[in-house]
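Here are some notes from a look through the model, set out as numbered points. I hope they help as you go through the packing for yourself.

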Amino acid sequence: MSWGLRDVRVRRGQHVALDAVTVSVDPSRITVVVGGDGAGKSTCFQVLVGLLQPDAGTVDRPAKERIGYVPATAGLYADLTVAENLDFIADAYRLPASERRRKAGEIIERTGLAGARHRLGGKLSGGMQRKLAVGLALLHSPELLVLDEPTTGVDPVSRAELWRLISGAAAGGTAVAVTTTYVNEAARGSSVILLEAGHVLASGSPEEILRGVPGTVGTARAAGRPSPLSWRRGASWRVWAPAGRLPDGVQPVQPDFDDAVVVAALASEPGR
Amino acid sequence: MVAKEFRELRRDRRTVAMMIVLPVVLLVVFGYAANFKVHDIPAVVVGPAARQAAPLLRAPTFHVTGVDPAAGEPAARARLRDGQAVVAVVTGGGRPLVLLDGTQLFSVETAEAALARLPAAAGPAAPRVRILYDPDLTTSWVMVPGLAGLILVFIGTLITSLGVVRERQSGTLEQLAVMPFRAWDVIAGKIAPYLIVAAVDLVLIVVIGMGVFHVPFAGNVGVFALGAALFLLVTLGMGILISTVSQNQGQAIQLAFMILLPQVLLSGLIFPVPSMAAGVRWISYVLPLTYFIEISRGVMLKAMPVSALWQPLGLLALLAVVVLGLAIVRFRRDLAPDTRATRPRARTAEPAPL
């Protein structure tokens, strides 16, 4: 069974927070929603888990017992120890006594928190807190795992570990939805949605999104801006030619995900 | 720097309200409510010479609410116990006997002074005065039952609101809403611990009051417990209500403070309610502490039966239903914004009319 949003529209007063957004989350797959701050990622997930009622569109989600959700802000109780946090979640989802010990042990091992079992949640490092939060959301083996910016503000090593945890869940059959502000993480998903200002700029597999970049992208080592449709990339410039013809002195390159996101944003500008 | 501070302040409306409203409230309260002088002390006169004695209890100090020549001392005592009168004059058989309700410290002092000034025409014999319930007019006897209520307000309102706001602030409330809890489970789960702690605290306060200050506990523990339970539900409701309109713990503390202060000043804990100006007195009558103090003093010091306390008990029950009901409705809205989501595999929204 596949979950997700179809043509969802959410208004907040006069402001349209989400407009015709479709997100599909399939079992054993990771759907990554990429976007900047205020793109509507959290709103999207709040609709998905049932915290927010959309104004239009349809939402498919499993029963509450089968959802694991980690909001962007929290995911654990700071004044409870790691073990107590696990106990609370096990109680909340009424895990049978025989299962909870095994499951908790498994989560502790997968999150690498064996040595921190009796430390307070609030005293863990940022990366450990996020790992615990994801681990807690996995404790009851949900059908749908919804993680809002699990890797934001986390060091690269912990980020890699978090992604291993997330991929492990998908490998076990869970349908996973993740938001991120880090464009390079989009490639981790089997399906990617580029969201900006409540609109879907592009969606599909990472390959499809890269293949779908319109026009031509090139690179140039110029002192000044080579064209209005260009942006800095390290020491050089990236240039986008919507019609395919790059200015002189600009070498065509294979666009990567960063390029795809910028091009999608440029292409969505009014009048283009 | 100064301009920046003012700009920040202007955006923190609650603090501005507290800085401007609070001094005004304090002034009004102290001006109108803080009145130790008592007038219109309710009095009853019984015994064969009741009709002759009644006119001696003059207004504005006294307000004679009943004259009953056929009744005797037991009836007079019952009236005092049930709070229908503060002064009871028993005539007949030589010197008249004046009974005073010692739990009304200020009224008793005023009444004693007025009785001493009675003109010689009062009769050949000066009345005998007997103070009931708190014969030595010990302040702590009257204060401890009231303080018990104040401490319950503190725990119920402030600590509960902080507990709920902490959950909201850290974002875990959002997570609880997605977990397979019914809204009721969450509400009961959040309230129960505070209810238990407050109940333990209450027992502790009463026991310490009895042990250290020798405050009597003359009445029925069950009646006291009933009043305390109703009162606690109101205070917990206020705590939850505060939490639903506060984004962080600082705001919750501010609001709780604004609710606590009038209860300290206007509930009859310090200043007698009947001597407050009418414009301020009505506030007392919507404060739960006013009724709890009536119950706790009545039961502990005067052994008031439940039949005499039905009014404060009923009003507390009404307040509990209103305040707690409102709190639960608001809290539920936070927990279950999409009630249909509780259905398995809900296909939620239909297209809304645009």
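1. In chain B of this predicted model, strand E3 (residues 87-90) and strand E4 (residues 97-101) run antiparallel and are joined by four bridges. If you would like a residue to start from, go to Val89(B), which has Val98(B) of E4(B) standing opposite.

2. Which sheet holds these strands, and in what order do its strands lie? E3 and E4 belong to an open sheet of five strands in chain B, ordered E2-E1-E3-E4-E5, and the pairing is mixed. At the edges are strand E2 (62-68) and strand E5 (128-132) of chain B, each of which pairs on one side only. On average, and with direction ignored, neighbouring strands of this sheet are turned by 20° against each other.

3. A helix also packs on that sheet: helix H5 (residues 105-116) of chain B. The strands touched by this helix are E1 (41-46), E3, E4 and E5 of chain B. Taking E4(B) as the reference, the direction of the helix makes about 160° with that of the strand.

4. Next come the helix pairs, still in chain B. The axes of helix H9 (residues 221-244) and helix H10 (residues 249-266) of chain B come within 9 Å and cross at roughly 140°. That angle makes H9(B) oblique to H10(B), and H9(B) passes H10(B) in a right-handed crossing. On the H9(B) side the contact is made by Met238(B), Ile242(B) and Ser243(B), while H10(B) supplies Ala252(B), Leu255(B), Ala256(B) and Ile259(B). Sorted by class, the residues of this contact are six nonpolar, one polar and no charged.

5. Further along chain B, helix H12 (residues 288-302) packs with helix H13 (residues 310-335) at an angle of about 145°, and their axes are 9 Å apart. What is the handedness of the crossing of H12(B) and H13(B)? The crossing is left-handed. Pro288(B), Tyr291(B), Phe292(B), Glu294(B) and Ile295(B) of H12(B) meet a set from H13(B) made up of Pro312(B), Leu313(B), Leu315(B), Leu316(B) and Leu319(B). By class, this contact has nine nonpolar residues, no polar ones and one charged.

6. Over in chain A, please have a look at helix H4 (residues 126-138) and helix H5 (residues 156-171), whose axes come within 9 Å and cross at roughly 5°. H4(A) and H5(A) are therefore roughly parallel to each other. H4(A) brings Gly127(A), Arg130(A), Lys131(A), Val134(A) and Leu138(A) to the contact. Facing them from H5(A) are Ser158(A), Glu161(A), Leu162(A), Leu165(A), Ile166(A) and Ala169(A). The class count for this contact of H4(A) with H5(A) is six nonpolar, two polar and three charged residues.

7. Finally, the domains. The domain assignment of chain A gives domain 1 as 3-205 and domain 2 as 208-267, with the C-alpha centres of the two domains of chain A 33 Å apart. Twelve residues from domain 1 of chain A and eight residues from domain 2 of chain A take part in the contact. Which elements give two or more residues to the side of domain 1 of chain A that touches domain 2 of chain A? They are strand E8 (191-196) and strand E9 (199-204) of chain A. By class, that side of domain 1 has eight nonpolar, three polar and one charged residues.

Methods: Residues are numbered from 1 along each chain as its sequence is written. Chains are lettered from A and ligands numbered from 1 in the order in which they are written. This is a predicted model: local features need pLDDT of at least 70, side-chain atom pairs count only at pLDDT 80 or more; totals for chains, interfaces and linings use all residues. Axes are lines fitted to C-alpha atoms, for helices over the stretch in contact, and angles run from 0 to 180 degrees between N-to-C directions. Angles under 35 degrees count as roughly parallel, over 145 as roughly antiparallel, 65 to 115 as roughly perpendicular and the rest as oblique. Two residues are in contact if their C-beta atoms, placed from the backbone, lie within 7 Å. Ala, Val, Leu, Ile, Met, Phe, Trp, Tyr, Cys and Pro count as nonpolar, Asp, Glu, Lys and Arg as charged, and the others, Gly among them, as polar. A crossing is left-handed if the near helix is turned anticlockwise from the far one by less than a right angle, and right-handed if clockwise. Two strands pair if DSSP finds at least two bridges between them. Domain bounds come from an automatic or database domain assignment.
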